[in-house]
Amino acid sequence: MSALTIFSDKDASQPIWQSEDAAQIREKLAQQDVRFERWAADRDLGADPTPETVLEAYQHAIDKLVAEKGYQSWDVISMRASHPEKQALREKFLSEHTHGEDEVRFFVEGAGLFCLHLDGHVYQILCEKNDLISVPAGTPHWFDMGSEPNFTAIRIFDNPEGWIARFTGDPIAESYPRLA
């Protein structure tokens, strides 16, 4: 189940607020200009879908976002526990970074944890199948795919170059809970 947990950025030991209610999550995140929606990941993709299969199945959802926001490119990120570079990739994404564009993800299977560092707080959003999240450009954040990752998400970009991170050098991510 999707969840939002909010911490002070000075104390990772005690959450300030928690919810698994999608409407409450959407409302809290909207206050920070973060888009969170529940969409229908309702296409049969098989056990280990190819990027082409995923894009074909959800082109209608991509088209909706492109029409609304003018996005220019999209791809699929799929990570399994058997991936030989899973640990290195996890460490890379766990470093706090920003992007010059919105970070848009639609989870079509599995789960991942987005952590946003905003206004003296850390917002941990557990995104699962059916979740669409859009993190505004310039927002310091990190992503945890877990030690045994299993997710597929469509990534949608403002630019044709795709995922470009600017690492902040802040070690804050090391202090907050991670996915198992």
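**Annotated histidines, cavity lining and neighbouring loops**

In this predicted model, His99 lies in the loop that runs between strand E5 (97–98) and strand E6 (103–118). His99 counts as buried, because its relative accessibility is 5% and the cut-off for burial is under 20%. When neighbours within four places in sequence are set aside, the contacts of His99 are Ala137, Gly138, His141, Trp163, Ile164, Ala165 and Arg166. In addition, the side chain of His99 forms a polar contact of 3.3 Å with the side chain of His97.

His141, one of the residues in contact with His99, is located in strand E9 (residues 141–144). With a relative accessibility of 1%, His141 also counts as buried. Apart from neighbours within four places in sequence, His141 is in contact with Ser95, Glu96, His97, Thr98, His99, Glu103, Phe114, Cys115, Leu116 and Val135.

The unreviewed UniProt entry lists His97, His99, Glu103 and His141 under "binding site". These residues are spread over 45 residues of sequence, yet they cluster in space, with a largest C-alpha distance of 11.3 Å. Two of them, His97 and Glu103, are included in the lining of the largest cavity. The contacts described above fit this picture, since His97, His99 and Glu103 are among the residues that His141 touches.

The cavities were examined next. Two cavities of 30 Å³ or more are present in the structure, and the volume of the largest is about 120 Å³. The lining of the largest cavity consists of Ile77, Phe93, His97, Glu103, Arg105, Phe107, Phe114, Phe143, Phe151, Ala153, Arg155 and Trp163. Sorted by class, eight of the lining residues are nonpolar, one is polar and three are charged. Strands E6 and E10 (150–157) each supply at least two residues of this lining. The largest share, four residues, comes from E6. Some of the lining residues also appear in the contact lists of the annotated histidines: Trp163 is in contact with His99, and Phe114 is in contact with His141.

Strand E6 is followed by a loop that leads to strand E7, and Asp119 lies in this loop between E6 and E7. Asp119 counts as exposed, because its relative accessibility is 62% and the cut-off for exposure is over 50%. The backbone of Asp119 has a positive phi of about 50 degrees, although Asp119 is not a glycine. Most residues other than glycine have a negative phi.

A positive phi is also found at Asn130, where the value is near 90 degrees and the residue is again other than glycine. Asn130 is placed in the loop between strand E7 (121–128) and strand E8 (131–135). Whereas Asp119 is exposed, Asn130 is buried, with a relative accessible area of 18%. Not counting residues up to four places away in sequence, Asn130 touches Glu37, Arg38, Trp39, Ala40, Ala41, Phe106 and Phe107. Asn130 and Ala61 are 69 residues apart in sequence, and their C-alpha atoms are 11 Å apart in space.

The strands on either side of the loop that holds Asn130 were also considered. Glu128 is found in strand E7 and counts as partly exposed, at 23% relative accessibility. Outside the residues up to four places away in sequence, Glu128 touches Met1, Ser2, Arg38, Phe107, Gly110 and Ala111. The side chain of Glu128 reaches the backbone nitrogen of Met1 at 2.4 Å. Along the chain, Glu128 and Gly112 are 16 residues apart, and a distance of 6.6 Å separates their C-alpha atoms.

Asp131 lies in strand E8. Its relative accessible area is 0%, so Asp131 is buried. The side chains of Asp131 and Ser2 are joined by a polar contact of 2.5 Å. Leaving out neighbours within four places in sequence, Asp131 is in contact with Ser2, Phe36, Glu37, Arg38, Arg105, Phe106, Phe107 and Leu126. Arg38 and Phe107 thus recur in this region: both are touched by Glu128, by Asn130 and by Asp131. Phe107 is also one of the residues that line the largest cavity, as is Arg105, another contact of Asp131.

How values were computed. Residues numbered from 1 in each chain as written. Predicted model: local features only at pLDDT ≥ 70, side-chain atom pairs only at ≥ 80, totals over all residues. Heavy atoms only, no water. UniProt positions renumbered as here; feature names shortened; annotations may be inferred. 1 Å grid on protein atoms, 1.4 Å probe; cavity = no way out; pocket = protein on both sides within 12 Å on 5 of 7 lines; lining within 4 Å. Buried < 20%, exposed > 50% of the residue type's maximum accessible area, 1.4 Å probe, protein only. Contact = heavy atoms within 4.5 Å. Polar contact = N/O pair within 3.5 Å; in protein donor to acceptor, adjacent residues only side chain to side chain. Points joined across faces, edges and corners; volume = space filled by probe spheres on them. Nonpolar A, V, L, I, M, F, W, Y, C, P; charged D, E, K, R; others polar.
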